[in-house]
Amino acid sequence: MTALDEETVGSLVASAPSGAQLTVPTYDRSRLRTGIVHLGVGGFHRAHQAMYLDRLMAEGKALDWAVCGVGVLPGDSRMRDALTAQDGLYTMVLKHPDGRLEARVIGSIKEYLLAPDDPEAVLEKMASPEVRIVSLTVTEGGYNIHHVTGEFDLDDPAVSADLADGAVPTTTFGLVTEALRRRRDRGVPPFTVMSCDNIQGNGEVARRAFTTFARAKDAELAGWIEGNVAFPSSMVDRITPVTTDADRAMVAERFGIDDAWPVVAEPFEQWALEDSFPTGRPPFEDAGVQVVADVEPYELMKLRLLNASHQALCYVGYLSGHRYAHEVAGQDVFARFLRGYMDAEGTPTLEPVPGIDLDLYKRTLIERFANPHVADTLARLCAESSDRIPKWLLPVVRYHLAHGGPIEHAALVVASWARYDEGVDEAGEPITIVDRLADRLHQAALAQKSDPLAFLRDREVFGDLVDDERFTAAYTAALGSLHEKGARATVENLVARS
Ligand SMILES: NC(=O)c1ccc[n+]([C@@H]2O[C@H](COP(=O)([O-])OP(=O)(O)OC[C@H]3O[C@@H](n4cnc5c(N)ncnc54)[C@H](O)[C@@H]3O)[C@@H](O)[C@H]2O)c1
Ligand SMILES: O=P(O)(O)OC[C@@H](O)[C@@H](O)[C@H](O)[C@H](O)CO
């Protein structure tokens, strides 16, 4: 087994076990120049954007668009240690439905900085003229947008601290705003801010977040940002589960690579990107990215069909004893439930999506969910639900409440989340609720035995949904059935009625 770094990478293919399907960078990484700073280098960035860049670099393109990864949170020290020791290199393994493994060592991340270690180094990197894009995968919650008001939350303690005069920035907003201030003061054109998080209108959401922060800090700077900084939206897609120790062992055994933090993913990939980069961008279209004028139809399709369906399968699946997405999607009754949600509730809210056959897209989604080798955990899909359900599923519910359309599938999904947050599954096994609102949600879920609407009364999460009698009737019926009959029988009944 060979340790992974710049010295060894060239010999990995020769030393890999026979039959291993492995590709490594053959381009000269010493020639790479950093053009992108990426905040939030987790699994997804490494399986998606960094992979597209690596693909371009392998063709001799985008050599001045290498990535400087930045960790904003102290917990990113693990990624710092892994990537620094490996000269930014890591292995991406695609898990095909037939069990085939396809590995590629990705070379597009040239450097990595941890902001809590040295915020000044991060600021100067973002302020340097060679950087023309700052991209983000900092999760849905990372934009600090209040669920109900839709406004940037200036009262968040970390944000307030960054707003203080002379503060050394610690948040995404403080870091990006200070870097933009330095560029303005030095006469350097601003970078483009490219959000790659699963948020509808992620460019617009990012624009609102950064300009609201900047306005509270320095109104003149905010005006300059509003007038000069581009915030393209994007739709990003590739199911990327959390890397496990078994994945590390698989990379060692099947590819002969000792990699501290490989990334595993499904083979499917998609990226629709709004073409709004005043200071330039890599030729992403050459790597298979759909560079389009209007991303919104693609975003809505993906968030309301794929991501909302993930929520539709994760709670009912977990409650009924499953722990992996494929175990649920592979069963006819759950697959029909997902398809029922997509056809009756998700799809009617969509605009036409250029170049996409929606029927095929939906069929492919269920096949992707059912890929057993990806082994995406339901725990990952059940995490941070208070950031996901309001952004992906509730807009579908609100659309149908306004148009007299069906809401039964979505009501069951919300009820299954409420039942999940009681903290124990149907076999009596405890559930660890991972959510920034975990305590509050758990207390509300416990109260629903005597007050079935207790969970829905949280107006920060659900807005005024609790006031809608059509929704509450479907919701309480679903919740009652989850308590009396269990998740599987409740889903079976709905599928039989649909
Ligand atoms: N994993 C996927 O299948 C997938 C697919 C498409 C899109 N995405 C998008 O990418 C995001 C990240 O997914 P991932 O799989 O890489 O997760 P991950 O947990 O591997 O990485 C998340 C990164 O975001 C950082 N982060 C979290 N909260 C932050 C905050 N408040 N401020 C700054 N940084 C913060 C973390 O420190 C970490 O570096 C998702 O939330 C989603 O929006 C993920
Ligand atoms: O990563 P999140 O929090 O946005 O959502 C969980 C999953 O639905 C998501 O990661 C999907 O796997 C992904 O969006 C597929 O492209």
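**Figure 1. Surroundings of Val67 in strand 4 of the predicted model.** Val67 belongs to strand 4, which spans residues 66-71. Because its relative accessibility is 0%, under the 20% limit, Val67 counts as buried. Apart from neighbours within four places in sequence, the residues in contact with Val67 are Thr34, Ile36, His38, His45, Leu53, Ser108, Ile109, Lys110 and Glu111. Ala260 lies 193 residues from Val67 along the chain, and the C-alpha atoms of the two residues are separated by 19 Å.

**Figure 2. Residues and polar contacts around ligand 1.** The shell around ligand 1 comprises 22 residues, and the closest are Phe44, Asp76, Glu140, Asp197 and Asn198. By class, this shell contains 7 nonpolar, 9 polar and 6 charged residues. The side chain of Glu140 places an N or O atom 2.6 Å from an oxygen atom of ligand 1. Backbone atoms also take part: a polar backbone atom of Thr240 is 2.9 Å from an oxygen atom of ligand 1, and a backbone N or O atom of Thr137 lies 3.3 Å from an oxygen atom of this ligand. On its own, ligand 1 has 820 Å² of accessible area, of which the protein covers 77%.

**Figure 3. Residues and polar contacts around ligand 2.** Ligand 2 is surrounded by 13 residues, and the closest are Glu140, Asp237, Lys302, His310 and Arg388. An N or O atom in the side chain of Glu140 is 2.7 Å from an oxygen atom of ligand 2. For the side chain of Arg388, the corresponding separation from an oxygen atom of ligand 2 is 2.6 Å. Arg238 contributes a backbone N or O atom, which lies 3.0 Å from an oxygen atom of ligand 2. The protein covers 89% of the 390 Å² of accessible area that ligand 2 has on its own.

**Figure 4. Helices and residue classes in the shell around ligand 2.** At least two residues of this shell come from each of helix 11 (296-319), helix 15 (378-382) and helix 16 (385-392). Helix 11 gives the most, with 4 residues. The shell residues divide into 4 nonpolar, 3 polar and 6 charged.

**Figure 5. Strand 10 and its pairing with strand 13.** In strand 10 (residues 234-237), Ser234 and Val236 point one way, whereas Met235 and Asp237 point the other way. All four of these residues are buried. Strand 10 runs antiparallel to strand 13 (residues 270-274), to which 4 bridges join it. Asp237 has Gln270 of strand 13 as its bridge partner, and Asp237 is also among the residues closest to ligand 2.

Key
Residues numbered from 1 in each chain as written. Chains lettered and ligands numbered in written order. Predicted model: local features only at pLDDT ≥ 70, side-chain atom pairs only at ≥ 80, totals over all residues. Heavy atoms only, no water. Near = heavy atom within 4 Å. Polar contact = N/O pair within 3.5 Å; in protein donor to acceptor, adjacent residues only side chain to side chain. Areas by Shrake-Rupley, 256 points an atom, 1.4 Å probe, with all protein chains shown as cover. Nonpolar A, V, L, I, M, F, W, Y, C, P; charged D, E, K, R; others polar. Buried < 20%, exposed > 50% of the residue type's maximum accessible area, 1.4 Å probe, protein only. Pairing = 2+ DSSP bridges. Contact = heavy atoms within 4.5 Å.
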